[in-house]
Amino acid sequence: MSFAPFDWIDAEARRRAAAGLVRTLRPRDAEPELLDLASNDYLGLTRHPEVTAASAAAAHRWGAGATGSRLVTGSTALHAELERELAAFCGFEAALVLSSGYAANLAALTALSGRGSLIVSDAGNHASIVDGCRLSRAETAVAPHADPDAVAKAFGAHDGRSLAVTDSVFSVDGDAAPLPALAEVCRSANAALLVDDAHGLGVLGDGGRGALAAAGLAGGDGVVATLTLSKSLGSQGGAVLGPARVIDHLVNTARTFIFDTGLAPAAVGGALGALGVLRREPERAARAREVATALYTRLTAAGLEAVRPDAAVVSVRAPSADAAVRWAADCRTAGMAVGCFRPPSVPDGISRLRLTARADLTEEQITAAVAMIAATAPRQTDADVS
Ligand SMILES: Cc1ncc(COP(=O)(O)O)c(C=O)c1O
């Protein structure tokens with residue numbers, strides 16, 4: 001028998017190519033040449049001079065890397081300051097910074113559940129939540145999307161630790177979770193509520209304090225939030241926010257916190273710089289929502305099928321994965337970067353263009369973006385199966 005342990009990879013690659021699902025890396029230019037509606041830089045802060053200066057100053061002072069796990073040498077005064085700032089800004093008792101939002105979801109889910117516990121997870125949740133559920137060894141019930149009654153039913157008469165988990169704003173369609181109703185269901189079931197506010201922080205709530213602040217749930221006893229610092233805050237990293245005893249528990253038990261190098265000081269400094277800008281310029285949050293509404297309204301008026309945005313993500317339906325890829329490529333040729341979501345990143349199998357409504361887009365850029373998307377839209381004849 002010949003030695004060919006990876007031949008199966010070629011077969012998988014052919015299958016992906018046939019389905020129009022090949023992914024490629026495309027290094028971007030340092031100076032953006034394209035109109036950017038693809039990144040998650042919702043508030044336009046990643047290149048803000050105060051944010052980049054804070055990031056560089058942190059690297060100069062503390063080094064390029066954290067040098068170790070947070071529990072060994074990887075905690076600096078800057079990490080502690082960011083934790084205080086995030087907790088205070090979003091209205092929670094305490095916070096814990098991790099190396100990514102992905103790691104934050106794994107940490108919260110694994111540390112707050114475990115064998116014998118029940119997690120009820122929304123069908124539209126982000127991949128990092130799905131993976132956190134798998135890693136937790138808890139029983140996981142996947143509830144239909146945005147359906148608090150289904151969550152209540154899934155809790156049923158479960159005896160023991162239980163937790164509902166949801167994105168605050170779903171990354172694919174940009175719709176918001178019914179947080180007040182979910183909180184009520186959790187209260188009745190004596191269950192914790194874990195909300196991933198990756199797409200709510202900086203966009204929803206007073207001055208961008210997030211979806212939980214907007215719903216009046218921030219700081220609640222049974223409520224925990226996870227964040228990424230890589231979207232509205234223009235940096236990198238993640239955090240878990242909640243009651244102090246929950247955060248202490250994570251410090252002692254969350255494996256993606258304990259066995260991972262601390263977040264790099266430059267990222268911590270950048271996030272602190274961005275929080276400073278957001279505190280001073282709270283109108284950025286409302287502007288991001290306004291741009292989203294403008295994009296949605298004008299795209300719909302142009303005959304395209306879009307989902308009414310609850311935050312700063314605007315999702316436009318494409319007839320198929322192939323058509324979505326071609327559409328995104330045509331937008332690029334026309335001078336604009338847009339996101340392209342297709343299976344397996346979309347739970348319902350429907351491919352979409354995903355637009356980011358950045359707070360710093362000008363009226364002219366919004367008009368140009370809508371014109372480019374409409375001009376490159378697939379025609380009806382492209383409507384093959386998704
Ligand atoms: C809803 C959601 N949660 C978590 C993450 C992961 O965050 P990070 O990129 O910081 O790992 C993302 C995005 O990447 C996200 O969209």
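Start with the shell around the ligand: helix α4, residues 101-111, gives the largest share, three residues. Helices here are DSSP runs of H or I, at least four residues, and strands are E runs of at least two, numbered from the N terminus.

Keep in mind that this is a predicted model: local features need pLDDT of at least 70, side-chain atom pairs count only at pLDDT 80 or more, and totals for chains, interfaces and linings use all residues. Residues are numbered from 1 along each chain as its sequence is written.

Which residues come nearest to the ligand? Of the 14 around the ligand, they are S100, G101, Y102, A198 and T228. A residue is near if its C-beta atom, placed from the backbone, lies within 6 Å. The shell splits into two nonpolar, 10 polar and two charged residues. Asp, Glu, Lys and Arg count as charged; Ala, Val, Leu, Ile, Met, Phe, Trp, Tyr, Cys and Pro as nonpolar; the others, Gly among them, as polar.

Next, two strands. β3 (residues 118-122) and β4 (residues 139-143) run parallel, joined by five bridges. Strands pair if DSSP finds at least two bridges between them. I119 stands opposite T140 in β4. From β3, the chain crosses through helix α5, residues 127-136, to β4, and this β-α-β crossover is right-handed. That is, with the strands pointing away from the viewer, the path from the first strand over the helix to the second runs clockwise.

Now the domains. The assignment gives domain 1 (49-280) and domain 2 (282-382). Such bounds come from an automatic or database assignment. The C-alpha centres of the two domains lie 27 Å apart.
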